[in-house]
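Visitor: I would like a close look at one part of this protein, namely the helix packing and the nonpolar core it feeds, together with the loops and contacts around it. Could you take me through it step by step?

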Amino acid sequence: MFLLPAALWVLGFTVFPLIYGLRLSLFNVKIGSPDEFVGLGNFLHFFKDPYAHNSAIITIIFVVAGVTIEMILGMMFALLFNRPMPGRGVLRTLMTMPLFATPIAVGFLFFTIFYEEGGLINGILHIKIPWLSNPYWALVSIVIVDIWQWTPFCFLVFLAALQGIPDDYYDAASIETKNQWLVFRYITFPVIQPTVILVLLLRITEAFKVFDIPYTLTTGGPGTATQVLTMFAYRVGFRFFNFGYSSAISFILFIIVMVIIMTLFKRIRQTYQ
């Protein structure tokens, strides 16, 4: 009886939407017309739809570029602020501040920063980069915003992992070598490798689900240059009212993320074994 409220909550807000979404993906569901069972037709349509292919490519570019840079920068800042320095506590606090910003607000904030005529970046540097009107620069813009907001997360977790390494390891290593790269490669990184893989897993999962930043910053444009899969599913469902195909897109994204998660969990188990 004590567990019943939590079980009902999970059933109502997790299990039921999942099952209902799967049911929708097997039907041609449009407002004003009866549901038509199409089986795997919506899933097969995804692999034939050029707009879906474009959104998938954009999503992969966004995830690979953003997560890679976030992991590298997060590790660099963690290694830097793990050393004694004046004002280290204040600097650590400042590094984590972007984490507390609302993604929708961040999108509108960077809309003013990337504004081409008189925006902060173009105005200060006296340049005229078409941040939001050029397909290439628009994709770069949403990657930059994602890096700005989520690098502090990687930094925070990596810093906690670094502080958990016993000083004895480094004392023993100092007898053999003074090369910091060798110390990082053979001592620091192997010890925190499970944490690195866990952060990678969390960031990939969240990056694949990104919606708010491209929605507020570029609305998927110019054209479809920044239309990630989540936004494509949203438009198919709530602009064109094809809820069956929209659900199929969401489940394909779910399957992709699950395959990545299982692969990384397998890597974590191998590390501990």
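Guide: What follows starts with the whole chain, turns to the helix packing and the core, and ends with some individual residues.

The model is a predicted one, and in it the protein has 12 helices and 2 strands. Read along the sequence, the order of these elements is α-β-β-α-α-α-α-α-α-α-α-α-α-α, and the C-alpha atoms fill a box of roughly 75 × 60 × 40 Å when this is taken along the principal axes. Of the 273 residues in the protein, 40% are buried. If one takes the contacts between residues at least 6 apart in sequence, 65% of them join residues at least 24 apart.

Helix 7, which covers residues 135-163, is a convenient place to begin, and two of its packing partners can be described in turn. With helix 3 (50-81), helix 7 packs at an angle of about 40°, the two axes being 6 Å apart. Angles under 35 degrees would count as roughly parallel, and at about 40° helix 3 and helix 7 are therefore oblique to each other. Their crossing is right-handed, and the contact of helix 3 with helix 7, sorted by residue class, has 22 nonpolar, 3 polar and 2 charged residues.

The second partner is helix 5, residues 103-113, which packs with helix 7 at an angle of about 130°, with the axes 11 Å apart. Here too the helices are oblique to each other, because 130° falls neither in the 65 to 115 range of roughly perpendicular pairs nor over 145, where pairs count as roughly antiparallel. Helix 5 passes helix 7 in a right-handed crossing. On the helix 5 side the contact is made by Pro 103, Val 106 and Phe 110, and on the helix 7 side by Val 145, Trp 148 and Gln 149. By class, this contact has 5 nonpolar residues, 1 polar residue and no charged residues.

From these pairs one can move on to the core. In soluble globular proteins, nonpolar side chains tend to be buried together. In this model the largest nonpolar core has 60 residues, and among these Phe 158 and Ile 249 touch the most other members. At least two residues of this core are supplied by each of helix 2 (41-46), helix 3, helix 5, helix 7, helix 9 (180-208), helix 10 (212-217), helix 11 (229-238) and helix 12 (243-272). The largest share, 11 residues, comes from helix 7. For Ile 249, if residues up to four places away in sequence are not counted, the residues touched are Phe 46, Leu 229, Phe 232, Ala 233 and Val 236.

Some individual residues in the helices add detail to this picture. Thr 230 lies in helix 11, and at 17% relative accessibility Thr 230 counts as buried, because the cut-off for a buried residue is under 20%. Not counting residues up to four places away in sequence, Thr 230 touches Phe 208, Lys 209, Val 210, Phe 211 and Leu 253. Ile 104, by contrast, has its place in helix 5 and counts as partly exposed, with a relative accessibility of 37%. Leaving aside neighbours within four places in sequence, Ile 104 is in contact with Asp 212 and Thr 216. Although Ile 104 and Asp 212 are 108 residues apart along the chain, their C-alpha atoms are separated by 5.7 Å.

The loops deserve attention as well, beginning with the one between helix 10 and helix 11, where both Thr 219 and Pro 222 are found. Thr 219 has a phi near 50°, a positive value in a residue other than glycine, and its relative accessibility of 44% places Thr 219 in the partly exposed class. The peptide bond from Gly 221 to Pro 222 is cis, with omega near 0°. In the loop between helix 6 (120-125) and helix 7 lies His 126, whose phi is near 55°, again a positive value in a residue other than glycine. His 126 counts as exposed, because its relative accessibility is 70% and the exposed class takes values over 50%.

Note on methods:
Residues are numbered from 1 along each chain as its sequence is written. This is a predicted model: local features need pLDDT of at least 70, side-chain atom pairs count only at pLDDT 80 or more; totals for chains, interfaces and linings use all residues. Side-chain values use heavy atoms; hydrogens and water are left out. Axes are lines fitted to C-alpha atoms, for helices over the stretch in contact, and angles run from 0 to 180 degrees between N-to-C directions. Helices (H or I, at least four residues) and strands (E, at least two) are DSSP runs, numbered from the N terminus. A crossing is left-handed if the near helix is turned anticlockwise from the far one by less than a right angle, and right-handed if clockwise. Contact means heavy atoms within 4.5 Å. Ala, Val, Leu, Ile, Met, Phe, Trp, Tyr, Cys and Pro count as nonpolar, Asp, Glu, Lys and Arg as charged, and the others, Gly among them, as polar. A nonpolar core is a set of buried Ala, Val, Leu, Ile, Met, Phe, Trp, Tyr and Cys residues joined through side-chain atoms within 4.5 Å. Buried means under 20% relative accessible area, exposed over 50%, partly exposed in between (1.4 Å probe, protein chains only).
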